[in-house]
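Subject: A structure for you to look through

Hello,

Here is the structure I promised to pass on to you, and I would be glad if you opened it and kept it on screen while reading the rest of this message.

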Amino acid sequence: MAHDIHVIGGGLAGSEAAWQLARRGLRVRLSEMRGGGDSTPAHQGDGLAELVCSNSFRSDDSEKNAVGLLHHEMRALDSLVMRAGEVARVPAGSAMAVDRDVFSAAVERELGALPNVEIVRERIDALPAAGPAIVATGPLTAATLASSIAQATGQDSLAFFDAIAPIVHRDSIDMDTCWMAARWDKGGKDYINCPLNREQYEAFVQGLLDGEKTEFREWEANTPYFEGCMPIEVMASRGPETLRFGPMKPVGLDNPHWATAEHPNGRWPYAVVQLRQDNKLGTLWNMVGFQTKLKHAEQVRLFRTIPGLENAEFARLGGLHRNTFLNSPMVLDRQLRLKGAENVRFAGQITGCEGYVESAAVGLMAGIMAAAEIGGREWNSPPRTTALGALLAHITGDAEAETYQPMNINFGLFPPLSEVRKKVRKEAYTDRAKADLARWVSERSVEPA
Ligand SMILES: Cc1cc2nc3c(=O)[nH]c(=O)nc-3n(C[C@H](O)[C@H](O)[C@H](O)COP(=O)(O)OP(=O)(O)OC[C@H]3O[C@@H](n4cnc5c(N)ncnc54)[C@H](O)[C@@H]3O)c2cc1C
């Protein structure tokens, strides 16, 4: 069948993109390498949209939870992943969990029923030079295609491993304990600094050494530790002082909260944890150099012993995995197109979003955008105040490119509503998002499927 657009990768994002395109009348070739003699280290079968690990789409609460809100918005846009998820749903309290086999079969059945979708079991080894395409080959993109992508973007713009430092919501940091400064007062006061005394530092290092860690999967065992992004607990194991000479270095950082008549500018703490702004909105701050494989619960417990972070709320916790992803803020435009090769869009986890639902959501947007472009219709991005719009804005330019790492949807990506009481802020975010999404849809920014 001749096609209008080539979708590469039949995972969560590629299947969703193909659906959105086909429902708008376009002829889609969907190439999936599994079932054609290839696989990835994590997939078990050949089914489209296979869930490689957990069977959960996380919270389905659209009143108070950002991923629940994303479910709501995707349903409003006739998402295939949400539709198949309902068919495959299993009881999971307020979460949305699915039977993975039923889910994958439902995705395949729905797509297969569309006469304008051709599902081809083939591996694609190079970025299409011409013609509209969406690349959604995921965190385990086959090596040959990955090289072709790296060639087009430059080696430094495609990562093969992530090294995720925890990210903290700015409004949960205690600024009566922390202070803003740069080392030696050079440049602007750009960092939030958390001071530790000797006792606190030693207890913290011990906590890192004792804390339970996540093991690498067998096929991740050769994950390289680059000196610049070594897990913090590995650094701690090299000696008690290593962190004080590394990411927790206190030199040049006078703590004004410790000012005395003798030291009017304050004193250097024994050790310092620094946080750097992570998004343009200034709502999210990453813990510099704190990439870690500690288990998530352990991270929360231990990082809340850091002075100033006792009540920290984490938008993202640290991790280290094999993960092919682009420096999207640098190489993609606002419509997910590769700068310099605009016939190619990227979607799913390869854009640096993280999670089944987020990957599908980016696939959904890539599909709608490509359909609008091919049809010669104007495209207006979903408002920044919606979960879709916040995620899209983050990955296509609002995240700091220098420190770009995979990101889940969370309220820190939304334009802040600081005037609203904290207790009801989540509801305020979701109310605003729902109203703005409804307006966006009704203004026919997206033509109905
Ligand atoms: C081991 C692992 C566990 C994870 N666990 C979870 C979890 O529990 N919960 C969660 O929310 N997220 C999890 N994720 C993160 C992520 O959300 C999923 O990987 C998600 O499936 C990403 O969706 P995607 O569509 O971008 O990629 P995928 O779902 O991986 O789809 C990409 C598809 O492209 C195909 N492909 C690759 N290269 C080519 C090629 N050259 N030609 C043709 N086809 C190709 C692959 O076979 C695959 O089917 C996990 C990731 C990994 C790697």
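Below is what was found, beginning with the ligand and then moving on to two helices and two loops.

Please keep in mind throughout that this is a predicted model.

The ligand has 34 residues around it, and among these Glu 32, Arg 34, Gln 349, Gly 355 and Tyr 356 come nearest. Three places are worth finding on screen, each involving an oxygen atom of the ligand: the side chain of Glu 32 has an N or O atom 2.6 Å from such an oxygen, a polar backbone atom of Gln 349 lies 2.8 Å from one, and a backbone N or O atom of Leu 12 is 3.1 Å from one. On its own the ligand would have 980 Å² of accessible area, and the protein covers 93% of it. If you colour the shell by element, you will see that helix H1 (12-22), strand E2 (28-32) and helix H10 (356-374) each give two or more residues to it. Sorted by class, the shell is made up of 15 nonpolar, 14 polar and five charged residues.

Helix H10 also packs against helix H11 (residues 387-398), with an angle of about 85° and with the axes 10 Å apart. Because of that angle, H10 counts as roughly perpendicular to H11. On the H10 side the contact is made by Glu 358, Ala 361, Val 362, Met 365 and Met 369, while H11 contributes Leu 388, Leu 391, Leu 392 and Ile 395. The residues of this contact comprise eight nonpolar and one charged, with no polar residue.

Finally, there are two loops to look at, bearing in mind that most residues other than glycine have a negative phi. Asp 78, in the loop between helix H2 (66-76) and helix H3 (80-87), has a positive phi of about 55° although it is not a glycine. Leu 336, which is found in the loop between helix H9 (328-331) and strand E16 (337-338), is likewise not a glycine and has a positive phi of about 70°.

With best wishes

Technical notes:
Residues are numbered from 1 along each chain as its sequence is written. This is a predicted model: local features need pLDDT of at least 70, side-chain atom pairs count only at pLDDT 80 or more; totals for chains, interfaces and linings use all residues. Side-chain values use heavy atoms; hydrogens and water are left out. A residue is near a molecule or strand if one of its heavy atoms lies within 4 Å of it. A polar contact is a pair of N or O atoms within 3.5 Å; within protein, one must be able to donate a hydrogen and the other to accept it, and residues adjacent in sequence count only if both atoms are side-chain atoms. Accessible areas come from the Shrake-Rupley method with a 1.4 Å probe; for residues, only the protein chains shown count as cover. Helices (H or I, at least four residues) and strands (E, at least two) are DSSP runs, numbered from the N terminus. Ala, Val, Leu, Ile, Met, Phe, Trp, Tyr, Cys and Pro count as nonpolar, Asp, Glu, Lys and Arg as charged, and the others, Gly among them, as polar. Axes are lines fitted to C-alpha atoms, for helices over the stretch in contact, and angles run from 0 to 180 degrees between N-to-C directions. Angles under 35 degrees count as roughly parallel, over 145 as roughly antiparallel, 65 to 115 as roughly perpendicular and the rest as oblique. Contact means heavy atoms within 4.5 Å.
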